[in-house]
Amino acid sequence: MRVCRAVPSLSATAAIRAVRLLTLLCLAVAAVTPVQADDPVDVELVLAVDVSYSMDLDELALQREGYVAAVTSPEFLNALKLGPHGRVAIAYVEWAGVEEQKLVVDWTFIAGPADAQRFAAAIRDAPLRRVYRTSISGAMEYGADLIEHNAIKGLRRVIDISGDGTNNQGPLVEAARDEVVARGITINGLPLMLKEPAGSMLDIGQLDIYYEDCVIGGPGAFVIPVQGKHEFADAIKTKLVLEIAGVVPPQRQFVHHAADAPRISCTVGERMWMERWGN
């Protein structure tokens, strides 16, 4: 069962401005202490990124560049300093079908610009790839296992799912979500709604609603839909700032929170696959 909390009305601009102002208190810190594997961090974060064939190569490149820009942005670096430990641990995963998850960048401790640049370079340098099928549930379970077996002590544990389609392979997404949340892990979502739904492509027009009702869960879980390529970089940056700083998500049109009752079938992806392919 999802756990949600009420949030006050706050614009995304105001949220990021608050992050910038608060970090002025930390700007005197000039050095970064080396981090050991058993050192505590403020957040353990898995960035789980869709590379299924529904994503074209331009979109895959845009997605990569969005994360590269976000983790090296001043807003993200300032947000790091808001936590009691001033550092986070992040892993970058690409996923598609139920057996298709790849750890592209292993757990990396980020406490300042040099760490962020190394993490960004590792993302940028990895070859682009596309894989068949879409298993959001498989990505959730893979991310949860990464978190639970990493020997890192995080105050918060988060899986960040970005994708452009519904679950159509592997465990049912709602059951997988509830199991991961029960392990003390929050799941946030970045549904990519860059194309008009096409009947031949197993798309749905309410992917943001699907993510709200079927994918995200845990304390403060939220969704930021991306409906145009021009929104992508800012959406990723806003999402990471909120996740890293632990800021209450803003109540704004493009930020949504987990719904109390489903408004869409959480098996819509499986049903569309069966109707088209029969397996």
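**Strands β4, β5 and β1**

I started at Gly163, which stands opposite Pro191 in β5. This is a predicted model, so I read every position below as a prediction. From there I followed the pairing of β4 with strand β5 (residues 186-191): six bridges join them, and the two run parallel. I then looked at what links these two strands along the chain. β4, helix α6 (residues 173-182) and β5 make a β-α-β unit, and the unit is right-handed.

Next I turned to the pairing of β4 with strand β1. Strand β1 covers residues 40-50 and strand β4 residues 153-163; the two run parallel and are joined by nine bridges. As a marker for this pairing I noted Val46, which stands opposite Ile159 in β4.

**The disulfide**

I searched the whole structure for disulfides and found one. It joins Cys214 to Cys266, with an S to S distance of 2.1 Å. I checked its hand too: the torsion about the S-S bond of Cys214 and Cys266 is about -85°, so I entered the disulfide as left-handed. Then I looked up where the two ends sit. Cys214 lies in helix α7 (residues 207-215), while Cys266 lies in the loop between β7 (256-257) and α9 (268-277), so the pair ties together parts that are 52 residues apart in sequence. Are the two cysteines buried or exposed? Cys214 counts as buried because its relative accessibility is 0%. Cys266 has a relative accessible area of 9%, and it is buried as well.

**Aromatic pairs**

My count of aromatic pairs came to three. One of them is Tyr67 with Tyr92: the ring centres are 5.7 Å apart and the planes stand at 80°, over the 60 degrees needed, so I call the pair edge-to-face. Tyr67 lies in helix α2 (residues 57-71) and Tyr92 in strand β2 (residues 88-95), so this pair ties together parts that are 25 residues apart in sequence. Tyr67 is buried, at a relative accessible area of 0%. Tyr92 counts as buried too, at 0% relative accessibility.

I also noted the pair of Tyr210 and Tyr211, which is edge-to-face, with 6.4 Å centre to centre and 65° between the planes. Both Tyr210 and Tyr211 are buried.

**Nonpolar cores**

Which residues touch the most other members of the largest nonpolar core? I found Phe76, Tyr92, Phe119 and Leu190, out of 42 residues in that core. The elements that give this core two or more residues are β1, α2, α3 (74-80), β2, β3 (101-110), α4 (113-125) and α8. Helix α8 gives the largest share, eight residues.

I then listed the contacts of Phe119, leaving aside neighbours within four places in sequence. Phe119 is in contact with Leu47, Val71, Ile90, Ala91, Tyr92, Val105, Thr108 and Ile110. I also logged a second, separate core of 37 residues, which includes Ala89, Ile185, Ile204 and Ile209.

**Phe232**

Curious about α8, I picked Phe232, whose place is in that helix (residues 232-245). Its relative accessibility is 1%, so Phe232 counts as buried. Not counting residues up to four places away in sequence, Phe232 touches Leu62, Gln63, Gly66, Leu190, Leu192 and Val226. I took one of these further: Phe232 and Leu190 are 42 residues apart along the chain, and their C-alpha atoms are separated by 9.5 Å.

**Loops beside α5**

Last, I visited the loops on either side of α5. Thr134 is found in the loop between α4 and α5 (136-148). With a relative accessible area of 7%, Thr134 is buried. Leaving aside neighbours within four places in sequence, its contacts are Ser52, Trp95, Ala96, Gly97, Gly165, Thr166, Asn167, Asn168 and Gln169.

Arg133 has its place in the loop between α4 and α5. I flagged its phi, near 70°, as a positive value in a residue other than glycine. Arg133 is partly exposed, with a relative accessible area of 21%.

Ala151 got a flag as well: its phi is positive, about 60°, although it is not a glycine. This residue is found in the loop between α5 and β4. Is Ala151 buried or exposed? I have Ala151 down as exposed, with a relative accessible area of 57%.

Definitions and conventions. Residues numbered from 1 in each chain as written. Predicted model: local features only at pLDDT ≥ 70, side-chain atom pairs only at ≥ 80, totals over all residues. Heavy atoms only, no water. Helix = DSSP H or I, 4+ residues; strand = E, 2+ residues; numbered from the N terminus. Buried < 20%, exposed > 50% of the residue type's maximum accessible area, 1.4 Å probe, protein only. Contact = heavy atoms within 4.5 Å. Disulfide = S-S within 2.5 Å. Pairing = 2+ DSSP bridges. Right-handed = clockwise from strand over helix to strand, strands pointing away. Phe/Tyr/Trp six-rings, centres within 6.5 Å; stacked < 30°, edge-to-face > 60°. Core = buried A, V, L, I, M, F, W, Y, C linked by side-chain atoms within 4.5 Å.
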